[in-house]
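Hi everyone, thanks for coming. I'd like to walk you through one structure today, so please have the viewer open and follow along.

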Amino acid sequence: AERHHIALRKTSEISKGRQVVRPEEVEKWQGELLTFCKSRPELLEALKDPDRVANMDETAVEVGVGGQAVLARRGDKVNYSVTGSTRLHVTAAYTVTASGKMVPVRCVYQGVRNVAQQHLKDLSTEGLSGAWQFSVTEKGYVVQETFVTILEDLDKFLTSQDIKRPILLLIDGAAPHIGLGMAKFCKEKGIQPWLLKPNTTHLLQPLDLTFFSSLKTNFRRLQQEWQHVPQNIGISLSKYGVIPLLRRATEYILSTKPNCISNGFRRA
């Protein structure tokens, strides 16, 4: 292996649809975006301003800590750790700009009544990610009504940051992202949505390319640190307990890796 400069590497799963994407298809998508912006001078101006190019995407945060390597006696067959149900999750919707700014994160819980704000009333509102917001849906995922709420968060952020409109918002073509309510709101608020080409989010989604991988690495580290605190031994992390850890992981990246988000846009 040393002589031939090869080594063992972990593989990553990729769908058949993503596998057959050709470079010229991506270039065509980029060309269509540029042509559309050139037909509207205000959008071409926005395309050149990193404050006015944004990306929104969601990531599912599992409550369970999951497996990890630990020190154990030689010969021990099983080592258990108490963890939350792996079926429990919270959806975290992130919206960022190419300049590295972040709209306050909106977390979506499964349920009927929105009681997250009560459970998380002590959650910090200071920092680079602002005051986090909470919603509930039947299955805990973003639906069309929730996406409009996320757009409302973006609208408030643009106003508070005095960012000129229109802006360009890159999103994937998931069903909750497309609807008449979303279209009407975007038209009224100077937000131009642009769908990423299907099966290319692993190439063109800025949040996927840099931020989310770093976020999950740091989030898992904080989960394990939480579990190793003596008073937490034998206790499972709750669906509300994960949010302070997720916020800490987010703030850590924003403060220690200021170019993480903008690098995702450059790679895309």
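**A walk from one arginine to the sheet**

Let's begin with a single residue: Arg221 counts as partly exposed, because its relative accessibility is 33%. Before I go on, keep in mind that this is a predicted model.

So where does Arg221 sit? It's in helix H8, which covers residues 206-228. The side chain of Arg221 makes a polar contact with the side chain of Asn218, at 3.1 Å. Now look across to Ala249: in sequence it is 28 residues from Arg221, yet C-alpha to C-alpha the two are 8.9 Å apart.

Okay, let's zoom out for a moment. The protein chain has ten helices and six strands. Of its 268 residues, 41% count as buried. The chain exposes about 15900 Å², and carbon and sulfur atoms supply 52% of that. Here's another number for the whole chain: take the contacts with a separation of 6 or more, and 77% of them are between residues 24 or more positions apart.

Now the sheet. What order do the strands come in? Going across, you read S4-S3-S2-S1-S5-S6, in an open sheet of six strands with mixed pairing. At the edges you find strand S4 (133-137) and strand S6 (191-195), and each of those pairs on one side only. Neighbouring strands in this sheet are turned against each other by 25 degrees on average, ignoring direction.

Let's see what "mixed" looks like, starting from S1. S1 and S2 run antiparallel, joined by nine bridges. If you want a pair to click on, Val61 stands opposite Val90 in S2. With S5, S1 runs parallel, and three bridges join them. There, Ala54 has Leu169 in S5 as its bridge partner. S1 is also mostly covered, with seven of its ten residues buried.

Stay on Leu169, since we can step across from there. Strand S5, residues 167-171, pairs with S6 in the parallel sense over five bridges. In S6, the bridge partner of Leu169 is Pro193. Helix H2, residues 23-38, packs on the sheet here, touching S5 and S6, and its direction makes about 160 degrees with that of S6. Helix H9, residues 242-256, packs on the sheet too, but it touches S1, S2, S3 and S4. The direction of H9 makes about 25 degrees with that of S2.

H9 deserves a longer look. Its 15 residues reach 21 Å from first C-alpha to last, close to the 21 Å expected at 1.5 Å a residue. Which residues of H9 are buried? Among them are Val242, Leu246, Ala249, Ile253 and also two you might not guess, Arg247 and Glu251. And yes, Ala249 is the residue we compared with Arg221 at the start. The buried residues of H9 pack against S1, S2, S3, S4, H8 and helix H10 (260-267). While you're looking at a helix, a general point: an α-helix has 3.6 residues a turn, so residues three or four places apart point the same way.

Next stop, the loop between helix H5 (144-160) and S5. Pro166 lies in that loop, and a cis peptide bond joins Arg165 and Pro166, with omega at about 5 degrees. Asp162 lies in the loop between H5 and S5 as well. Asp162 has a positive phi, about 55 degrees, although it is not a glycine. Buried or exposed? Asp162 counts as exposed, because its relative accessibility is 70% and the cut-off for exposed is over 50%.

Compare that with another aspartate, Asp155, whose place is in helix H5. Asp155 is buried, because its relative accessible area is 13%, and buried means under 20%. What does Asp155 touch? Leaving out residues up to four places away in sequence, it touches Arg165, Phe185 and Lys189. Arg165 is a name we've just met, at the cis bond with Pro166.

One last spot. Asn199 is in the loop between S6 and helix H7 (201-204). Asn199 has a positive phi too, about 70 degrees, and it is not a glycine. At 38% relative accessibility, Asn199 counts as partly exposed.

That's my tour; happy to take questions.

Note on methods: Residues numbered from 1 in each chain as written. Predicted model: local features only at pLDDT ≥ 70, side-chain atom pairs only at ≥ 80, totals over all residues. Heavy atoms only, no water. Pairing = 2+ DSSP bridges. Helix = DSSP H or I, 4+ residues; strand = E, 2+ residues; numbered from the N terminus. Axes fitted to C-alpha atoms, helices over the stretch in contact; angles between N-to-C directions. Contact = heavy atoms within 4.5 Å. Buried < 20%, exposed > 50% of the residue type's maximum accessible area, 1.4 Å probe, protein only. Polar contact = N/O pair within 3.5 Å; in protein donor to acceptor, adjacent residues only side chain to side chain. Expected span 1.5 Å × (residues − 1). Areas by Shrake-Rupley, 256 points an atom, 1.4 Å probe, with all protein chains shown as cover.
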